[in-house]
Amino acid sequence: SEEESIWKFVHSALLELWFTGTELPPVNTCLEEIIATVNSDAFRPQNGDHGPNTAWLERLLDQLPEEARGRCQQYVDVLFCKLSAVENISPVHSPGAGRPSCFNDFDTRAKMLLPLLLTLKPLARKVPQYAFPHLGKIMPVLATTEVSSSHLSVLRMLQDLLCSVACCHRDLADEEARRVVLELQQAKSQRLQAKGKNQALDAKIADLGQQLARCAEPSLPLALEAALVRSFQQGAFKLADAHRWQSFEDISRTTRALCAVVRCNRTPMSVAFLFKVFSQYVSVLRSFIEAPTDERAAWIPRALCVAGNIVRYFEFESVQDVALVTEALHAKKNFLVMAVAHFPNNARESIKRATLHALGSVFVREPKLMLNRTVVKLMKDCLAPKDANGSQLQVLKNLHDHFLQEEAELVALTAAAPQQDAAVELVSDTSTSLIQQFHTLILESSLSPALKIRDQAVQLMRVILHRGLTASYLLIPYLLAQQCKTDATSNEALRVLGM
């Protein structure tokens with residue numbers, strides 16, 4: 001398409017300008033250009049969202065050649081140095097004060113921090129290994145106690161940074177551990193078959209054992225881990241701060257960032273704190289079911305959102321402490337029962353929407369629950385055209401997240417163990433059943449007058465078509481109907497038609 005041709009030209013030019021050119025300008029010069037481009041109006045999103053769009057930079061980084069990785073690391077290093085410099089102004093420039101008086105106002109510093117963080121966000125997501133050693137440099141920012149809009153914007157960026165860097169670092173460590181375990185099993189099998197002494201195999205087994213032990217070692221400095229966990233208890237990220245974190249998006253981001261920090265090391269201290277938080281919010285839900293007062297009802301949406309996100313972003317079974325995990329699994333079982341059996345039938349609109357949000361998180365871990373009769377009825381009612389609130393958008397997001405996650409698991413299972421046909425077939429059966437239940441309502445949602453609902457429905461149709469879950473000719477009339485509009489959704493529908 002014309003748009004794709006233009007992007008290829010821009011992509012080639014930017015790669016050569018910033019990463020692969022034979023005579024690249026100094027790092028600071030290139031970085032200033034990247035920061036200015038990221039924060040310019042040229043890449044604003046067209047789907048109704050506000051603020052700059054960094055998807056183009058992530059796409060550029062996806063195609064980064066191996067020889068340009070060193071330059072990318074230099075950009076990450078300099079960005080973190082600039083972040084640190086903003087919060088630690090040299091006393092040389094302000095003798096006896098530590099920083100100029102104007103810098104005591106966080107809003108002034110935020111104007112410098114936000115462009116840096118916005119540029120760092122896609123870099124940290126695509127090359128987290130370069131950002132991980134610098135995580136300690138965000139601690140001075142977390143020491144600020146203000147509650148201004150600019151401060152919240154900075155904290156949201158830092159939470160996204162933690163999620164990208166800490167989660168990916170842990171995933172890489174777990175992937176390396178699985179590889180070492182497989183090699184160790186093969187080496188031990190060869191050793192059993194070998195007769196007599198075999199020093200080479202013995203040495204290999206010993207070396208693999210040491211590698212496995214290193215994979216289990218804490219990767220995040222323990223002092224930094226403790227400081228970050230404290231920030232979720234009583235600091236800038238305080239999870240229980242209902243004044244600071246009000247929207248589902250903010251609560252979800254904060255909970256996910258906490259899970260990312262805890263997953264990184266899985267030390268008893270951090271795991272115990274996370275499980276304590278989970279149990280407390282499950283207790284709030286239980287107390288409301290026993291005595292549903294208006295005062296308790298105000299806390300239910302928050303409790304559902306936090307508990308659902310902990311289930312989604314933390315693997316309970318990965319904890320080695322039997323006593324800790326046994327109690328947490330019991331609380332998790334109770335939460336799942338309440339989320340499926342009790343709250344979907346609540347008459348309060350705020351609780352119904354929170355239940356949908358929590359179920360969307362739970363479905364990632366427990367996809368079978370999507371076929372529960374109560375859940376299916378709730379989702380169908382919300383997808384019906386007469387529903388004019390945000391519940392319709394949330395159901396579409398839940399289905400979209402489920403299909404994407406299921407596809408990733410399907411690919412991983414096929415690559416790691418093709419012989420596990422039963423597990424792969426089970427996942428496919430779940431999706432087939434969901435499409436049978438919601439196919440017509442998804443298509444009708446694409447005709448909604450609300451831009452965000454149409455956009456989410458078209459994105460969902462793209463995944464459905466890519467997965468081959470339905471015949472393409474059934475989607476074509478609804479995708480063609482999008483061409484009557486002149487917005488980002490019509491462009492996305494056109495791309496789906498070209499698949």
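Arg 454 is buried in this predicted model, its relative accessible area being just 5%. That's one spot in a protein chain of 499 residues, 46% of them buried. The chain has 22 helices and 0 strands, and of the contacts between residues at least 6 apart in sequence, 72% join residues at least 24 apart. Here's a tour, starting with that arginine and moving on to helix pairs, a one-sided helix and a loop.

**Arg 454 and its surroundings**

- Arg 454 sits in helix 20, which covers residues 451–467.
- What does Arg 454 touch, once residues up to four places away in sequence are set aside? There's a run from Ser 445 through Ser 446, Leu 447 and Ser 448 to Pro 449, and then Gln 482, Lys 485, Asp 487 and Thr 489.

**Helix 10 against helix 11**

- Helix 10 (residues 222–234) packs on helix 11 (residues 248–265) at an angle of about 155°, and the axes are 10 Å apart.
- Angles over 145 degrees count as roughly antiparallel, so that is the label for helix 10 relative to helix 11.
- The two helices, 10 and 11, make a left-handed crossing.
- From helix 10, the contact draws on Leu 222, Glu 225, Leu 228, Val 229 and Phe 232; helix 11 answers with Thr 254, Ala 257, Leu 258, Val 261 and Asn 265.
- Sorted by class, the contact between helix 10 and helix 11 comes to 7 nonpolar, 2 polar and 1 charged residues.

**The loop after helix 11**

- Arg 266 lies in the loop between helix 11 and helix 12, and its phi is near 55°, a positive value in a residue other than glycine.
- For context, most residues other than glycine have a negative phi.
- Arg 266 is partly exposed, with 23% relative accessibility.
- Thr 267 is in that loop too, between helix 11 and helix 12 (268–290).
- Is Thr 267 buried or exposed? Thr 267 counts as buried, at 11% relative accessibility.
- Leaving out neighbours within four places in sequence, Thr 267 is in contact with Leu 222 and Glu 225, and both of those residues also take part in the contact of helix 10 with helix 11.
- Thr 267 and Leu 222 are 45 residues apart along the chain, yet 8.7 Å separates their C-alpha atoms.

**Helix 15 against helix 16**

- Helix 15 (residues 322–341) meets helix 16 (residues 349–365) at an angle of about 130°, with 10 Å between the axes.
- That angle makes helix 15 oblique to helix 16, and the crossing of the two is left-handed.
- On the helix 15 side you'll find Phe 335, Leu 336, Ala 339 and Val 340, and on the helix 16 side Thr 355, Ala 358, Leu 359 and Val 362.
- The class count for the contact of helix 15 with helix 16 is 7 nonpolar, 1 polar and no charged residues.

**Helix 2 against helix 5**

- Helix 2 (residues 27–38) and helix 5 (residues 106–126) pack with their axes 9 Å apart, at an angle of about 95°.
- That makes helix 2 roughly perpendicular to helix 5.
- Ile 34, Ile 35 and Val 38 are the helix 2 residues here, and they meet Pro 115, Leu 116, Leu 118 and Thr 119 of helix 5.
- By class, the contact of helix 2 with helix 5 has 6 nonpolar residues, 1 polar and no charged ones.

**Val 141 in helix 7**

- Val 141 belongs to helix 7 (residues 139–142) and counts as buried, with 5% relative accessibility.
- Beyond residues up to four places away in sequence, Val 141 touches Glu 87, Phe 106, Leu 113, His 151, Val 154 and Leu 158.
- How far apart are Val 141 and Glu 87 in space? Their C-alpha atoms are 6.6 Å apart, across 54 residues of sequence.

**Helix 17 and its two faces**

- Helix 17 (residues 373–383) has Val 375, Val 376, Leu 378, Met 379, Cys 382 and Leu 383 as its buried residues.
- Those buried residues cover an arc of only 165° around the axis, so they are on the same side of helix 17.
- The face of helix 17 turned away from the buried side carries Arg 373 and Lys 377, which are exposed.

Key:
Residues are numbered from 1 along each chain as its sequence is written. This is a predicted model: local features need pLDDT of at least 70, side-chain atom pairs count only at pLDDT 80 or more; totals for chains, interfaces and linings use all residues. Side-chain values use heavy atoms; hydrogens and water are left out. Axes are lines fitted to C-alpha atoms, for helices over the stretch in contact, and angles run from 0 to 180 degrees between N-to-C directions. Helices (H or I, at least four residues) and strands (E, at least two) are DSSP runs, numbered from the N terminus. Angles under 35 degrees count as roughly parallel, over 145 as roughly antiparallel, 65 to 115 as roughly perpendicular and the rest as oblique. A crossing is left-handed if the near helix is turned anticlockwise from the far one by less than a right angle, and right-handed if clockwise. Contact means heavy atoms within 4.5 Å. Ala, Val, Leu, Ile, Met, Phe, Trp, Tyr, Cys and Pro count as nonpolar, Asp, Glu, Lys and Arg as charged, and the others, Gly among them, as polar. Buried means under 20% relative accessible area, exposed over 50%, partly exposed in between (1.4 Å probe, protein chains only). The arc is that of the directions from the helix axis to the C-beta atoms.
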